[in-house]
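Subject: Structure for your review

Dear colleague,

Please find the structure below, followed by a description of what came out of the analysis. I would be glad if you could read the two side by side.

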Amino acid sequence: AKETEGKLREILKPEQFKRLKQIELQQQMQTAGPGALVRPDIVQALGLTEEQQQSIKGIVEGLMAQQQERMKIFEGFREASEEERAKLREKGEKLREAAETAKKEAQGKAMAVLTDDQKAKLKGLMGKFIKLEMRGGPGGGRPGGDRGGARPEGERGGQEGGNRRPRRPQE
């Protein structure tokens, strides 16, 4: 990761690299919740005390424990019958909603640990908000559609198969 970051610093202009880091932090805050606050660079930039770090780590660990419990439910998914899978999907949707609520609550608890000055610094580290659309699972987006990604609020993408290359004719 450090090697890649070094190469990016060489390629991008300083303001582009800074913006990339802002968007990266926004994405982590959106997907991982308060977990982004325990990154060493963020701890240092915000000047978190040891007590604050421990409080945030506790919040993150609690969130991760809940996540692991949810994952256990789907261990036998592949071997399950179609009827059992349908029940698991329904349960999974409810758990996903509960997970989003838990993540927001954890985010709120972690933000409550920060001082007003640290919250202002964090806002500066994240820069102007960009809506991040995360689609698909590991490895990319949906076939025939765009691959998600970051776009300014209100901007749409994915027209006519998104960013996929046209298929070659079959011989």
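Helices (H or I, at least four residues) and strands (E, at least two) are taken here as DSSP runs, numbered from the N terminus. This is a predicted model, in which local features need pLDDT of at least 70 and side-chain atom pairs count only at pLDDT 80 or more, while totals for chains, interfaces and linings use all residues. Residues are numbered from 1 along each chain as its sequence is written, and side-chain values use heavy atoms, with hydrogens and water left out.

Overall fold and confidence

The secondary structure of the chain comes to six helices and two strands, which from the N terminus on run α-α-α-α-α-α-β-β. The average pLDDT (the predictor's confidence in each residue, from 0 to 100) is 80 for the chain, and 77% of the residues score at least 70. Among the elements, helix α6 (residues 116-126) has the highest mean pLDDT, at 95, and strand β2 (residues 149-151) the lowest, at 47. Over residues 137-169 the pLDDT stays under 50, and the model has 38 contacts beyond four places in sequence for this stretch, a contact being heavy atoms within 4.5 Å. Where pLDDT is low, the predicted coordinates should not be read in detail.

Helix α5

Helix α5 (residues 82-113) contains Lys103, and Gln107 is found in α5 as well. The helix has 32 residues and reaches 45 Å from its first C-alpha to its last, close to the 46 Å expected at 1.5 Å a residue, where the expected span is 1.5 Å times one less than the number of residues. Its buried residues (under 20% relative accessible area, against over 50% for exposed and in between for partly exposed, with a 1.4 Å probe and protein chains only) include Leu88, Leu95, Lys103 and Gln107, and the buried residues of α5 pack against α2 (14-32) and α4 (50-72).

Lys103 and Gln107

Lys103 is buried, with a relative accessible area of 13%, and Gln107 counts as buried at 18%. Leaving aside neighbours within four places in sequence, Lys103 is in contact with Gln30, Thr31, Ala32, Gly33, Pro34 and Leu63, whereas Gln107, on that basis, is in contact with Met29, Gly33 and Pro34. The side chain of Lys103 also makes a polar contact (a pair of N or O atoms within 3.5 Å; within protein, one must be able to donate a hydrogen and the other to accept it, and residues adjacent in sequence count only if both atoms are side-chain atoms) with the side chain of Glu100, at 3.3 Å.

With best regards
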